[in-house]
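Student: I would like to learn how to read surface patches, hairpins and salt bridges in a model. Could you take me through them?

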Amino acid sequence: MYQPENHPRLGVCYYPEHWPEDTWEADAARMKELGLSTVRIGEFAWAKMEPEPGVYTWGWLDRALETLGNAGLSVVLCTPTPTPPKWLTDALPSTLRHSEDGLPEKHGSRRHCSVASRTYREQSRRITHALADRYGKNPHIIGWQTDNEYSCHDSTLSYGPEDRDAFRLWLAKVYGDINALNAQWGTVFWSMTYRSFDEVDLPNRLTADPAPAHWLDFRRFFSDMTAEFNREQCDILRAGSRDDMFITHNFMVAEMGFNHWDVSADLDFASWDSYPLGFLEKFGSRLSLGGDALIDRYMRIGHPDLVAFHHDLYRDMSRTGRLWVMEQQPGPVNWAAWNPAPVDGAVRFWTLEAIAHGAEVVSYFRWRQAQWAQETYHTGLNRPDGTPDRASLEIESLRDDLPKLSFSDVNDASNGDPSNTVGLYFDWDAAFTYEALRQGDDQNAIATTFAWYHCLRRLGLNVEFISPARMAVLPAYIIPSAPVLDADMVDFIRQTGAPAIFGVRAGSRDGTLNWLPQPMVCEEGAPVEPLLDDLFLDRTETLRPTQRIDVDIDGTTVAAKSWVEHLRVMGLAEPGSNEPPLEILAQFNPGQFEPSGLDAAIVRQGNIHYLAFDPDYEGMKAILEPIFDRAMIAADELPEDIRTRRSDGRLYVMNFGPEPFDASVLGLRGGAIVGEGTSVQPYTVSVFADS
Ligand code: GAL
């Protein structure tokens, strides 16, 4: 069983196959000098490992491992399955992904095979076996990375014959009987009725929308295929490796092809790939927090919450309570619409930020900038000629700081003190349901969750992620987007008695997205009991971004935007009854032209709150303040560019802005451990003793 170390370390991604062998030794020595401990290799090297069918050329990899190991570096070896060689896809074309028009992808890039193809799966198992047999006991290897960024480049969904066959088998297993599928999918609508599972097809090349349950099952099927693909590799690697070796995968949150909770269940811990500037450019405008102005403001440091969101999510997915950043941006990348250089100090900043959120290792991508092929504008720790680039200097500056930042309990995600921590639900299955059942163009489960995350972080709180796969006892919970509600999760939350806020749509559908009269919780997709007694959902409307409806919360007027529900509240609190009363906490404030039926905007029963609207930042604060006051959660709004995280008896203060910040306003409990005095300089992280 892998045991994480109790002090943060640094690492690098390296491609020995890209560089002359006589440079490896000097590279390894310089890595060590720079203070690096881990090196990840091999994820795209299938054609080098097996240049002809069944002919393995391990010599170069043996020597690379030896060179790195002898220099005192620990290696993470990857399965090379994102890049099957040309001979393989020529001989076995049914391994290829098929695009929506049904045509196979071609060789010449990466991620061109489908995880649902049984032929590709056989090949994946074969090369994984070969690696485990050869390297499972190698003393220089500390663990494995499966594949590389499942779903990157939207590479999961596929529409080939082997995908279709596997989908039919999966449906037969889930439904047992075709009439059950017909009933759940509602196929009588538009004469979609099927007589056998062999008649069901993939949902592409359709004139109008597929049945929502058809699309949702297609997404769940590919999610399951990804988890199975990963599990097959994990089983082979585990069986063939030393007990103390770990297995991880490098995720990216916006890769929507699969449920990351499911894949992580087979790993020892989760890693992710952090590109703060690339992400800001790629996703900043989708997060509806400020459009171009926001991107300009943070263009050289990244958004104060976007990177942290990933750290928290992947840490909470890990069995060890720690995460790894497997790839860390070192300078300009090459793949966003525009690729600015980070502000001086940003690489040091991102490293300390990762440690604040529980990173055991931060591993930079890549050792040396490539001199040919697709990523020549992507910087590394060194330029192509081997001279150090800016990031190397910043890494050197961390040498004295890291030993001061050890973790006390390596297996505890909350670092011993969950009292200022709020649980936030996010599950990819909810995101799939949003996609399958749209009712307004700006509905996006990740963006809604992120908006709540942003609010909690602005209020100075730690966040832990929850899902049915991971529950934790915490002082409060927010479940922003969950159309299908898991009964065990809701039970757990009820039992804690902690205040829980459920956002619009919570529990509004069964497991195949069929309409329910009132918010319900489900067991295995079937509704079993109401989320709140006597609450009915009469209608839903969605609003253009220019529209708002006022809501009064204790005398404060806030805006309902985007999604609005018309609730019917029956049987309000009966005097003398033992049942927890259903109370209306806030009401819509109908204007002259607003439709009738708009009434309760927030209701509560026991510890469960239900919102009938999507609040903006001010609305969230107005909702949270009284709830946090009652629960004695100390929430104080931070300046826009400042974020904090309490962990392991330390307070990390991160300044994402151009002005110094005087941290003494936070009521510091101790002196600076990293940084000087109480002033946190622009674009730096200071760490203070917190007990
Ligand atoms: C990652 C990927 C790497 C490399 C990098 C460039 O998403 O895993 O292989 O392409 O992006 O930033």
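## Reading the features

Tutor: Gladly, and keep in mind that this model is predicted. Let us begin with a hairpin: strands E14 and E15 form one with two residues between the strands, and there glutamate 524 has a positive phi near 45°.

Student: How many bridges join strand E14 to strand E15, and do the strands run parallel or antiparallel?

Tutor: Strand pairing is read from the bridges between two strands, at least two being needed. Here E14 (residues 520–523) and E15 (residues 526–530) are antiparallel and joined by four bridges. To see the register, look at valine 521, which has glutamate 529 of E15 opposite.

Student: Which residues gather in the patch of negative charge on the surface?

Tutor: Glutamate 524 and glutamate 529 both belong to that patch, together with Asp488, Asp491, Glu523, Asp533 and Asp534. Aspartate 488 comes from helix H17, which spans residues 487–496.

Student: Is aspartate 488 buried or exposed?

Tutor: A residue counts as exposed when its relative accessible area is over 50%. Aspartate 488 is at 54%, so it is exposed.

Student: Which residues form the nonpolar patch on the surface?

Tutor: Val188, Phe189 and Trp190 make up that patch, and together they have about 410 Å² of accessible area. Tryptophan 190 sits in the loop that connects helix H7 (178–185) with helix H8 (212–240). Its relative accessible area is 57%, so tryptophan 190 is exposed.

Student: Now for salt bridges. How many does the count come to?

Tutor: The rule asks for a side-chain nitrogen of Lys or Arg within 4 Å of a carboxyl oxygen of Asp or Glu. The count comes to 43 salt bridges. One of them pairs arginine 238 with aspartate 268, whose closest N and O atoms are 3.3 Å apart. This pair links distant parts of the chain, 30 residues apart: arginine 238 is in helix H8, while aspartate 268 is in the loop between helix H9 (260–264) and strand E7 (271–274).

Student: What is the accessibility of arginine 238, and what is that of aspartate 268?

Tutor: Arginine 238 is partly exposed at 35%, whereas aspartate 268 is buried at 7%.

Student: Where do arginine 315 and aspartate 312 lie, and how far apart are they?

Tutor: They are three residues apart in helix H12 (residues 306–317), so about one helical turn separates them. Their side chains meet in a salt bridge, 2.7 Å from N to O, and both residues are buried. They also belong to a salt-bridge network with Asp316, Glu464, Arg470 and Arg645. By contrast, arginine 438 and aspartate 441 are both exposed, and their side chains meet at 2.9 Å, N to O.

Methods: Residues are numbered from 1 along each chain as its sequence is written. This is a predicted model: local features need pLDDT of at least 70, side-chain atom pairs count only at pLDDT 80 or more; totals for chains, interfaces and linings use all residues. Side-chain values use heavy atoms; hydrogens and water are left out. Patches are made of residues with over 30% relative accessible area and no salt bridge: like charges are joined within 9 Å, nonpolar side chains (Val, Leu, Ile, Met, Phe, Trp, Tyr) within 5 Å. Accessible areas come from the Shrake-Rupley method with a 1.4 Å probe; for residues, only the protein chains shown count as cover. Lys and Arg count as positive and Asp and Glu as negative; His and the chain ends are not counted. The place of a charge is taken as NZ of Lys, CZ of Arg, CG of Asp or CD of Glu. Buried means under 20% relative accessible area, exposed over 50%, partly exposed in between (1.4 Å probe, protein chains only).
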